[in-house]
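Welcome, and thanks for opening the viewer. Please take me through this model one selection at a time, and I will say what is there at each stop.

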Amino acid sequence: MFPKKAHYDLVIVGGGLSGLAAAVSAGENHLDTLIIEKGRTLGGDGNYVEGAMGVDSYLQKQEGIEIDPTQLLQDELNYSHYEANAPHLKKFINQSGAIIDWLHDLGVDFVKVGPQGKSWPTIHTFTGGGMAAIATLLAKVNEFGIEIVTSISAQKILQHNGHVSGLMIKNEATGQMRELAADDVILATGGYIDNPELVKKRTPLNSRLLSVSDGKSTGDGMQLAWQAGAEHYQMGAIQYGGGAIFDKTRPPFMHMASQLAAAATQEAILWVNERGDRFVNEDVNDNMCHAGSSILTQARIFSILDQAAVDHLTNVGLYKELGNSPVSPEKLDNLTAEIERDLKNNEKYLTKANSIAELADKLNLPNLESTIERYNEVASQGKDSDFGKAADYLTPLKKGPYYAVELGVGMACALGGIRVDNDNEVLNSYGYPLEGLYAVGNDAAGMLVGDTYAVTLPGSTAGYAAFSGRNAVLSICKGKR
C-alpha cells in the first residue's frame, strides 16, 4: 500500500534500529514523518544485536566504570590506522552515553554493561536482546502516530534547486511507481552485507563468507546516494563474527546458538588449513574480526577437537569464556548431543574418526599428524613458541575419537559507502552536503572504522545506529542550513 499523503516533512528509508531511532526523535520534535520499508517486517538486523555502545552512561556511573573519552578516541583511531573520521567518531563517543540514557528513558532495558572479550567496557546488553529494544522503539513510533508503509522501496532521490525534494518509490507487491515529496530524507537501509557484488568489491576472498543477516541489507542507501551525487566513499569494514560453521545447506543464522560452533571457534584448541597445517594463534578469536581475516588467508579451515575436549566442555566447563558474547555459559552442556545429532544427519561440516591418521585420510589433510604431534609438544612445554597462544589454552589432543569442524566466516554487517558530516548529512566529492539528504546506521558507519570493524569498542554498530538516527533528526530540527 502506498503512503496516505503525497508530502511529508521527513521520509525515513528503512525501518531498522537507526530508522526507528530517527522516527522516535522526529516524533519528539513534531515532524510529519513517514517510514518506508521494502520488506514486510520491521527492525532489520537490529533484531539480532546484543547491545549498544556508550561512554559515561547512567549504568556505567552506577557500576563505577570510568572511561577517558580522549584516550578511547586515540585508541580507536590507532586501531583504524586513522582511516576513521576523527571528528565524527569523537562526536559519537562524546554523545554515546546520553544516547544510552535516552534509550533507557524510552523504556529500553539493559541487563548489564561491560567488556566483550578484550575490549573497552562499553557494551550495554539489551534485556531480551535487540528484538526487545526494537519492540520498545516501535511502540514509541506508533504512540507518536508516525506512518509506516511496508513493501515499499525507494528507487530514486529527487532533487530541485540543489535540495532534496522527495523520492521515487515502488510498491514491491504491484510494481507500481509513485513520486513522494519530502523536505528531508534519511537513508537507513542497513549497509550492503547482503549484496554479493558489493561485498566482493570490499574483499575478493568471499567464497567462504556467510551472511548472518535479515537478507535486506543490499546496499540500497549507498546506491541511492551515489546516484544523487554523493561521494563514492570507502567501503569501510565488514563485521566478521570470527569462525562459523561452514554449512552450505541452511542459512548461517541457524547455527548462531550452536554449542558445536562455540567449541570449534571460541575455545581456542586447534585450527588447521587444507593441508593440515596450523596457521595462527587460535586465541585470535578474542577479536572476532581478526579471526575472520585470518581464516580468509587459507583455502579451507578445520577446527580439531578430541573426545577429551568434548567431554571437558560438556561436563566440566569452558577452557575460556565465550568472549564474542556478552553472556558466557559455564559449560557447553548440549555439545555432545549436538555432535551425535549432526553425525546421525551426516552433516558435511562435521567429520569423526577414531584416529588422527584416519581423520587426515578422510579430509585429505596430509600434514595433520605431524601438526598435532607438534601442537601436543608445545602444549606439554606450556609455551607456544610457534604462534604465541596463552599457556592456559594450550589444550593437547590425545584421546580419540577425533572431530573436525569445517569453518567459514560469518558476516554480521557491512559498514560504509557514504560519507557524511557531523550532522549525518550526505556529502558530495567536494565535501559539501547534498542538502536535505542524510545517512545513518550502517549506511554511514564506515566513518568510524578502517579496514576492520571496531570490535575493541563493542556495541558500536547498535550504538551508532541510535546515535546517528537521532543526530540526523536533531540536525534537521536545528535548521542548520
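How many bridges join strand 12 to strand 13? Before you look, keep in mind that this is a predicted model. Now select residues 270-273, which make up strand 12, together with strand 13: four bridges join them, and the two run antiparallel. Within this pairing, Trp271 stands opposite Ser303.

Stay on strand 13 and select residues 301-306. Six of its six residues are buried. Colour the two faces separately: Ile301, Ser303 and Leu305 point one way, while Phe302, Ile304 and Asp306 point the other way.

Next, add residues 402-415, which form strand 15. Five bridges join strand 13 to strand 15, and this pair is antiparallel as well. Ser303 is a handy landmark here, with Val405 as its bridge partner in strand 15.

Strand 15 also leads to the interior. The largest nonpolar core has 155 residues, and strand 15 gives the largest share of this core, ten residues. Among the residues with the most contacts inside the core are Ile304, Leu167 and Ile36. Select Ile36 and show its surroundings: away from its sequence neighbours within four places, its contacts include Val11, Val149, Leu167 and Ile169.

For the last stop, go to Gln239 in strand 11, residues 237-245. Is Gln239 buried or exposed? Gln239 counts as buried because its relative accessibility is 12%, under the 20% cut-off. Beyond its neighbours within four places in sequence, Gln239 is in contact with several residues, including Met288, Cys289, Met411, Tyr453 and Thr461.

Technical notes:
Residues are numbered from 1 along each chain as its sequence is written. This is a predicted model: local features need pLDDT of at least 70, side-chain atom pairs count only at pLDDT 80 or more; totals for chains, interfaces and linings use all residues. Side-chain values use heavy atoms; hydrogens and water are left out. Buried means under 20% relative accessible area, exposed over 50%, partly exposed in between (1.4 Å probe, protein chains only). Two strands pair if DSSP finds at least two bridges between them. Contact means heavy atoms within 4.5 Å. A nonpolar core is a set of buried Ala, Val, Leu, Ile, Met, Phe, Trp, Tyr and Cys residues joined through side-chain atoms within 4.5 Å.
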